[in-house]
Amino acid sequence: MMPFASRMAWAQSPFGDVVAREPFGSLEKVADGVWALISTPLSGDRTTLSNGGIIAGRDGVLAIEGFNMPQGAEWLAGQARQLTGKWPTRVVLTHYHADHANGVAGYQSGGHPATRATERTRDLVTTKNLPADAARSAVLSGVELLSTTSPTTIDLGGRAVKVIPRGGHTDSDVTLELDDPNVVFCGDLVWNGMFPNYVDAQPSRLSAAVRAVRRSSRDTIYVPGHGAVARVADFDRYVSMIDEVEQAARRSYASGTSAADAGAAFTLPASLGEWVLFSKAFYPRAFDAWYRELKGA
Ligand SMILES: [Zn+2]
């Protein structure tokens with residue numbers, strides 16, 4: 001694991017004005033009416049582990065992610081009310097992973113936001129995030145489904161949020177995108193300064209999706225699923241990093257080395273900068289994902 005200083009680095013160099021700070025993360029203003037919750041998942045406080053955010057329009061407020069625990073969602077909703085005068089009216093889950101979805105019932109304590117996810121994401125939360133929880137199940141049963149074939153536009157009043165179906169980190173991921181200001185909430189398709197979890201990855205689909213998320217505009221603000229708010233240089237460093245993993249996995253697969261051995265021996269070149277590893281298992285897991293794909297399994 002990383003030394004404490006580097007574990008906390010991204011909490012100490014926020015992108016925007018920090019409007020609230022907790023042991024589990026900081027809420028940063030990234031544009032007018034747009035805030036990112038940047039979690040500090042190695043702090044030991046598991047209220048939130050993933051990033052998320054708030055997008056406010058004239059008529060509604062959208063909260064992004066359900067977080068690891070209901071207390072995380074409830075906290076974000078309380079912040080939304082303080083900042084905008086409104087409890088979230090909508091919630092979108094980017095994918096099914098527990099750290100993004102399991103606390104979604106926390107939004108029910110102060111309102112009843114319309115909650116949206118793809119059908120696949122809803123089904124995966126229900127079948128894989130066990131044990132089930134009655135409050136979470138109740139929210140999931142009322143989820144409004146997002147299209148998996150075309151973008152869905154959520155109109156918050158003077159502010160249109162495009163929810164774009166993608167995949168590769170899991171079987172179903174979505175990004176939430178604004179054109180003005182130029183902000184993309186990437187879900188776990190993008191991680192910044194933290195090595196991604198390939199547990200459910202379809203690596204070449206991930207690689208293609210990441211390239212599709214990148215905008216030509218250099219002033220784009222990317223809110224990753226984990227790690228600090230990213231700009232284009234951070235984004236491109238991430239692309240280089242996942243490409244490095246791909247090349248290493250293809251080489252070791254061709255040479256007949258097991259994914260476990262290749263992953264255990266793997267290191268990233270110093271030229272790619274520092275990448276925090278959430279656990280030692282993350283490299284072998286990435287190689288496993290590539291081997292699954294290369295075997296055609
Ligand atoms: Zn994830």
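**Figure 1. Ser252 in helix α8 counts as buried, at 9% relative accessibility.** The model shown here and in the other views is predicted. The cut-off for a buried residue is under 20% relative accessible area, so S252, at 9%, falls into that class. S252 belongs to helix α8, which covers residues 232-255. A polar atom of the S252 side chain lies 3.3 Å from the backbone oxygen of A249. When neighbours within four places in sequence are set aside, the contacts of S252 are T257, A262, F287 and Y291.

**Figure 2. Helix α6 and its buried side.** Helix α6 runs over residues 134-141, and its buried residues are R136, V139 and L140. These three lie on the same side of α6, because they cover an arc of only 100° around the axis. On the face turned away from that side are the exposed residues A134 and S141. The packing partners of the buried residues of α6 are α4 (98-101), β7 (114-118) and α5 (119-128). At the N-terminal end, α6 is capped by D133, with a side-chain oxygen 3.2 Å from the backbone nitrogen of A135.

**Figure 3. Two cis peptide bonds, each followed by a proline in a loop.** L130 and P131 are joined by a cis peptide bond with omega of about 0°. P131 sits in the loop that links α5 and α6. A cis peptide bond also joins D180 and P181, here with omega of about 5°. The loop holding P181 lies between β11 (173-178) and β12 (183-185).

**Figure 4. Residues with positive phi in the loop between β5 and α3.** E65 is not a glycine, yet its phi is positive, at about 90°. This residue is placed in the loop between β5 (61-64) and α3 (70-84). E65 has a relative accessible area of 2% and is therefore buried. F67, also not a glycine, has a positive phi of about 70°, and its place is in the loop between β5 and α3. At 0% relative accessibility, F67 counts as buried.

**Figure 5. The largest cavity, with E65 in its lining.** The model has 3 cavities of 30 Å³ or more. The largest cavity has a volume of about 40 Å³. Among the residues that line it are N51, I64, E65, T94, H100, F185, C186 and V223. Glycines in the lining include G52, G187 and G225. By class, the lining comprises 5 nonpolar, 6 polar and 1 charged residues.

**Figure 6. The largest pocket and the residues nearest its centre.** The volume of the largest pocket is about 300 Å³. Its lining is made up of 16 residues, and those nearest the centre are L49, D99, N197, H226 and F278. The lining divides into 8 nonpolar, 5 polar and 3 charged residues.

**Figure 7. V30 in strand β2 and its contacts.** V30 is part of strand β2, residues 25-31. With 8% relative accessibility, V30 counts as buried. Apart from neighbours within four places in sequence, V30 is in contact with F15, W35, A36, I221 and V229. From V30 to L140 the separation is 110 residues in sequence and 29 Å in space, C-alpha to C-alpha. L140 is one of the buried residues of helix α6.

Definitions and conventions: Residues numbered from 1 in each chain as written. Predicted model: local features only at pLDDT ≥ 70, side-chain atom pairs only at ≥ 80, totals over all residues. Heavy atoms only, no water. 1 Å grid on protein atoms, 1.4 Å probe; cavity = no way out; pocket = protein on both sides within 12 Å on 5 of 7 lines; lining within 4 Å. Points joined across faces, edges and corners; volume = space filled by probe spheres on them. Nonpolar A, V, L, I, M, F, W, Y, C, P; charged D, E, K, R; others polar. Helix = DSSP H or I, 4+ residues; strand = E, 2+ residues; numbered from the N terminus. Buried < 20%, exposed > 50% of the residue type's maximum accessible area, 1.4 Å probe, protein only. Polar contact = N/O pair within 3.5 Å; in protein donor to acceptor, adjacent residues only side chain to side chain. Contact = heavy atoms within 4.5 Å. Arc of directions from axis to C-beta.
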